[in-house]
Structure formats: C-alpha cells, structure tokens
Amino acid sequence: MVQNRYTLLEHVGNPNEWRYTWQIRDDITSSSTCEFCGRTAQRLTYEVSHDTRTAWICESCVSRYNIAADLDGEPLGPKAARGYAHGLTARLKQQTCHDIIRSVQAELPTPELEEVAVYFDRNVQLSPQHAARLFAALAQIGHETIASVFEVQTRSKAHQQEFGELADEQRRLVWNALSQQQRRRLTSLGFAPSGVQITRRSGRKPPRVEIQLAAPRIPVVSEAAGVELVPKSKPAQ
Ligand SMILES: [Zn+2]
C-alpha cells in the first residue's frame, strides 16, 4: 500500500475499521484538525467511531480510506457510505450559506438581500451580482471574510459577462470568493479587478486535492431520519 505521502496517526490503527456516525461539522473558520492525519485548518470534518472511540476526520481521509457505516439500521459499504457523506456535506454547506444570508438579513433587512436569499435558495450558488450585494453587506457588518464560504457562478458566458460589468469595487469583493481557476478564467477575459495579480505557481506541483461535491440542485437525501448535522457550536462528544 502506498501510504507514505500521508501521515496516519498511530492511535488510528486500521482506518478501514472505523465507521461513520453521520455527524458532520462545518467550521467556517477552517480551524478544525483531522484526527486521522493531523492536518490542520480544515473546514469540514466527519465523525467516525471504532469500538468506544470517536474521531473527527478530514475530507481527504474520507476519500482515502474505506469507511463503512450503518444507515437506518442497514449496513452501507464504503463506496455508498462515502457517497452518502458527500451528499450530507453538500446539504450542510448549503445550510451554512442559507443561515449566513439569514443572519445578515437580520442585521440589514433590505429588499436587495431578500432577493439574494431567494436566489440562493433556488440555485445553491450566487450569481456575480447577488454575490456582490451580499458581500458588500457582509463587509458592512464586519464579516467580509465569510464570503469565501459561498460559491459564485462564473461558468456560463452570461455570468462571466455579469461579473465583467460589475464596478471595480464589486469585482474586488467577489474576487475573494473565487477559486484560482475562476480567477484565471476571468482574468483571461480581462475582468480582473484593477491591481490584482494571479499568482502563478512555478513548477508542476499538482493542485491540492479537493473533493468535488455533488452538483447543486440534486435532492441529496430524501430522509434525514437518524442524521444529525451538527453546528459548530455543539461540543464534541
Ligand atoms: Zn485527514
């Protein structure tokens, strides 16, 4: 087994003997630590258990190991369990974004933000325009760093154009929430906000591994029975 690229903490034993408990945490401050590999600065962590022990593990470890589970009393193989975990993750991230928008609205109850909320609930992402509005509101209440939690649509020509037509200051706000790939694409179209530069990696280092979450708008799980999405504030058990 090729394991040498990853660390597995000694207490873990055989990672494939652990099972999901179906508790997932979304730490928007990205300050969680993986208790399998020790990676820090994690946003999403998944609780697994083995005998009487529990641990919170990162997305990479979820992808790397064959962790099984039970669902409503039925055994779920590793592949199905991983798929189910990804589905829960997508829902949890969606819920996080929904909650953030609602809490911004509580502070700034404007029709513009209501429109953003409705758009997000329908699309699970933000158009560049809606993102600019929301991020301006976040900045206004001193929470601009949360913007990176949101996904902004830039794939279609229409959305790219929409981004390009934003004022420079708005593009700058939205820029913070974009992936490197999105930034590169928009830069190539001449839409980068003034003064920003894309950092190009020299060498051929592969990009960091990230799990591709289920596409938005797929109804992920129809029944949440027995599934608990734990907000960050809940203490670990
Ligand atoms: Zn890990």
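This passage looks at the long second helix, its packing partner, the nonpolar cores and two residues with unusual backbone angles in a predicted model. Residues are numbered from 1 along each chain as its sequence is written. Because the model is predicted, local features need pLDDT of at least 70 and side-chain atom pairs count only at pLDDT 80 or more, while totals for chains, interfaces and linings use all residues.

Helix 2 is a good place to start. Helices (H or I, at least four residues) and strands (E, at least two) are DSSP runs, numbered from the N terminus. Helix 2 has 30 residues and spans 43 Å from its first C-alpha to its last, close to the 44 Å expected, where the expected span is 1.5 Å times one less than the number of residues. Its buried residues include Ala81, Leu88, Cys97, Ile101 and Val104; a residue is buried if 20 or more other C-beta atoms, placed from the backbone, lie within 10 Å of its own, exposed if 12 or fewer, and partly exposed in between.

Helix 2 (residues 78–107) packs against helix 3 (residues 111–123) at an angle of about 170°, with the axes 10 Å apart. Axes here are lines fitted to C-alpha atoms over the stretch in contact, and angles run from 0 to 180 degrees between N-to-C directions. The two helices are therefore roughly antiparallel, the word for angles over 145 degrees. Helix 2 brings Cys97, His98, Ile101, Arg102, Val104 and Gln105 to the contact, and helix 3 brings Leu113, Glu114, Val116, Ala117, Phe120 and Asp121; contact means C-beta atoms within 7 Å.

The largest nonpolar core holds 27 residues, of which Ala131, Leu134, Phe135, Val174 and Ala177 touch the most other members. Such a core is a set of buried Ala, Val, Leu, Ile, Met, Phe, Trp, Tyr and Cys residues joined through C-beta atoms within 7 Å. Two or more residues come from each of helix 2, helix 3, helix 4 (128–140) and helix 6 (168–175), and helix 4 gives the most, with 6. Apart from this core lies another of 22 residues, among them Trp22, Ala55, Ala81 and Leu88.

Trp22, in strand 1 (residues 19–26), has a positive phi of about 75° although it is not a glycine. Trp22 is buried, with 22 C-beta neighbours inside 10 Å. Asp72 also has a positive phi, near 50°, but Asp72 lies in the loop between strand 4 (69–71) and strand 5 (74–76) and is exposed, with 9 other C-beta atoms within 10 Å.

Note on methods: Angles under 35 degrees count as roughly parallel, over 145 as roughly antiparallel, 65 to 115 as roughly perpendicular and the rest as oblique. Two residues are in contact if their C-beta atoms, placed from the backbone, lie within 7 Å.
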